[in-house]
Amino acid sequence: MNTALNFHANPVEPAPALATADFFDVASQLPEHERQKLADMRAFLTQNIRPHAAEYWTRDEFPHHLLRALGDHGFGEIELEPGSRLFKGLVYAELARADLSLSTLVGIHNELIVGGLMEAGSPEQQARWIPLLRTFRAVGSFALTEPEHGSDIAKGLCTTATREGDEWVINGFKRWIGGATFADFLLVFARDTADHEVKGFLVETNRPGVSAHKIQHKTALRIIPNADITLDQVRIPLANALPGAANFSATNVLLRNSRAWVGWEAAGAQMATFDVVHHYATTREQFGHPLAEFQLVQQPIAKILGNATASLAMMAQLARLQEEGRLQMEHAALVKASTTTLARESAQLGRGLLGGNGILADREMGKIFADVEAIYTYEGTYEVNSLIVGRAVTGASAFV
Ligand SMILES: Cc1cc2nc3c(=O)[nH]c(=O)nc-3n(C[C@H](O)[C@H](O)[C@H](O)COP(=O)(O)OP(=O)(O)OC[C@H]3O[C@@H](n4cnc5c(N)ncnc54)[C@H](O)[C@@H]3O)c2cc1C
């Protein structure tokens with residue numbers, strides 16, 4: 001460990017207003033047992049994850065023991081356990097409130113890896129991986145994006161899968177793949193050279209021909225490593241193909257759900273922003289008064305709280321659509337684009353409100369400010385999600 005860095009023993013003092021970041025008390029819609037469970041999970045995150053995140057973020061280091069601890073507290077099995085969509089969404093928001101990097105890993109894990117296996121995996125694939133995944137004794141990475149294809153991945157995807165006897169041979173490159181430097185397997189999307197459909201395959205990372213290199217010098221989400229992947233003549237058994245992912249529409253279902261999850265993440269990032277600015281404005285004095293007494297300080301605090309409240313309200317209604325089986329891609333795209341934009345605005349205001357301390361990761365605000373840039377881009381950029389909404393409401397596709 002690098003002991004040269006001089007962190008506060010407990011860099012994030014608990015803000016006095018943790019409860020009020022959910023200003024309209026969206027959590028009150030939960031039944032009592034879910035409210036209690038959410039409170040327990042929040043307490044675990046506040047005490048065990050949030051105070052340590054800035055240190056690992058600054059070191060650009062992944063804390064494996066914290067992932068194990070998250071697994072021991074049920075965060076690896078959010079999509080496997082019973083519970084309302086609102087409860088699960090608020091758990092995702094609390095995770096993001098504690099730290100956006102770990103929230104990214106946990107969200108991808110639940111929505112895209114566990115979700116992908118449950119949605120499209122064979123009974124054998126589920127039996128092999130799900131018991132390990134639910135406690136984070138195994139980790140999978142979602143490998144869709146490529147160096148030359150991000151927003152246009154559906155049409156542009158170049159990685160190939162060729163059937164040879166009783167094996168598939170996978171060739172290609174993937175980029176930005178979260179957690180892939182330590183994952184046990186990759187969920188790789190590759191184009192079948194026979195029928196040109198994009199299909200899903202489980203590729204164990206210890207197979208010959210698989211290599212992962214950490215992308216260096218990231219200025220956001222520094223706790224979770226993202227990797228460039230090379231797949232060079234990688235041979236997997238036929239049984240590693242996901243039977244339910246034989247074309248891109250299977251991926252679309254997963255992407256719809258994961259965009260909804262990012263909406264919750266953005267809401268959580270705004271709750272964290274509120275926690276930090278509220279604490280700072282009520283404890284920091286200038287001109288002989290707490291900052292909170294100045295009108296020009298109260299206005300951005302109200303704006304940040306308004307943005308968080310609007311995001312939570314939007315997400316609560318999205319959860320209801322999801323419960324009723326009415327969630328469409330354009331709903332998920334709208335919340336993803338809107339809530340991440342609000343998170344970005346709030347983080348900018350919060351950064352300013354903390355003055356010089358606003359650019360420090362160990363005062364939390366600098367970390368949130370940097371991290372919201374990444375959630376604004378992944379799971380479909382702001383522009384791409386806007387185009388999905390635009391296509392749905394105008395009937396005209398602006399995609400070329
Ligand atoms: C931190 C991080 C983690 C990620 N994790 C994963 C992961 O685990 N697995 C995975 O598969 N991928 C992952 N990604 C990839 C992510 O999904 C892509 O970055 C995203 O889809 C955008 O692709 P791109 O970066 O190639 O940008 P590009 O597609 O090159 O876009 C560049 C810019 O052009 C704009 N643009 C593109 N097309 C249009 C258009 N038609 N009209 C208007 N504007 C347009 C975009 O909005 C953007 O502003 C991650 C990315 C990041 C940054």
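The following dialogue concerns the ligand site of a predicted model.

Student: What makes the pair formed by Thr-145 and the ligand a polar contact?

Tutor: A polar side-chain atom of Thr-145 lies 2.7 Å from a nitrogen atom of the ligand. A polar contact requires a pair of N or O atoms within 3.5 Å, so the pair with Thr-145 qualifies.

Student: Which residues pair with an oxygen atom of the ligand, and why are these pairs called polar contacts?

Tutor: In Glu-383, an N or O atom of the side chain is 2.7 Å from an oxygen atom of the ligand. In Gly-178, a polar backbone atom is 3.0 Å from an oxygen atom of the ligand. The limit is 3.5 Å, and therefore both pairs count as polar contacts. Of the ligand's own accessible area of 980 Å², the protein covers 65%.

Student: Which residues come nearest to the ligand?

Tutor: The shell holds 18 residues, and the nearest are Phe-142, Thr-145, Ser-151, Thr-381 and Glu-383. By class, nine residues of the shell are nonpolar, seven are polar and two are charged.

Student: What kind of space does the ligand take?

Tutor: The ligand takes the space of the largest pocket. Two or more shell residues come from each of β3 (167–178), α11 (365–377) and α12 (382–394). The largest share, three residues, belongs to β3.

Student: How do you know where the ligand lies relative to domain 2 and domain 3?

Tutor: Residues of the shell come from both domain 2 (140–247) and domain 3 (249–394), and therefore the ligand lies between them.

Notes:
Residues numbered from 1 in each chain as written. Predicted model: local features only at pLDDT ≥ 70, side-chain atom pairs only at ≥ 80, totals over all residues. Heavy atoms only, no water. Near = heavy atom within 4 Å. Polar contact = N/O pair within 3.5 Å; in protein donor to acceptor, adjacent residues only side chain to side chain. Areas by Shrake-Rupley, 256 points an atom, 1.4 Å probe, with all protein chains shown as cover. 1 Å grid on protein atoms, 1.4 Å probe; cavity = no way out; pocket = protein on both sides within 12 Å on 5 of 7 lines; lining within 4 Å. Sits in = over half its atoms within 2 Å of the grid points. Helix = DSSP H or I, 4+ residues; strand = E, 2+ residues; numbered from the N terminus. Nonpolar A, V, L, I, M, F, W, Y, C, P; charged D, E, K, R; others polar. Domains from an automatic or database assignment.
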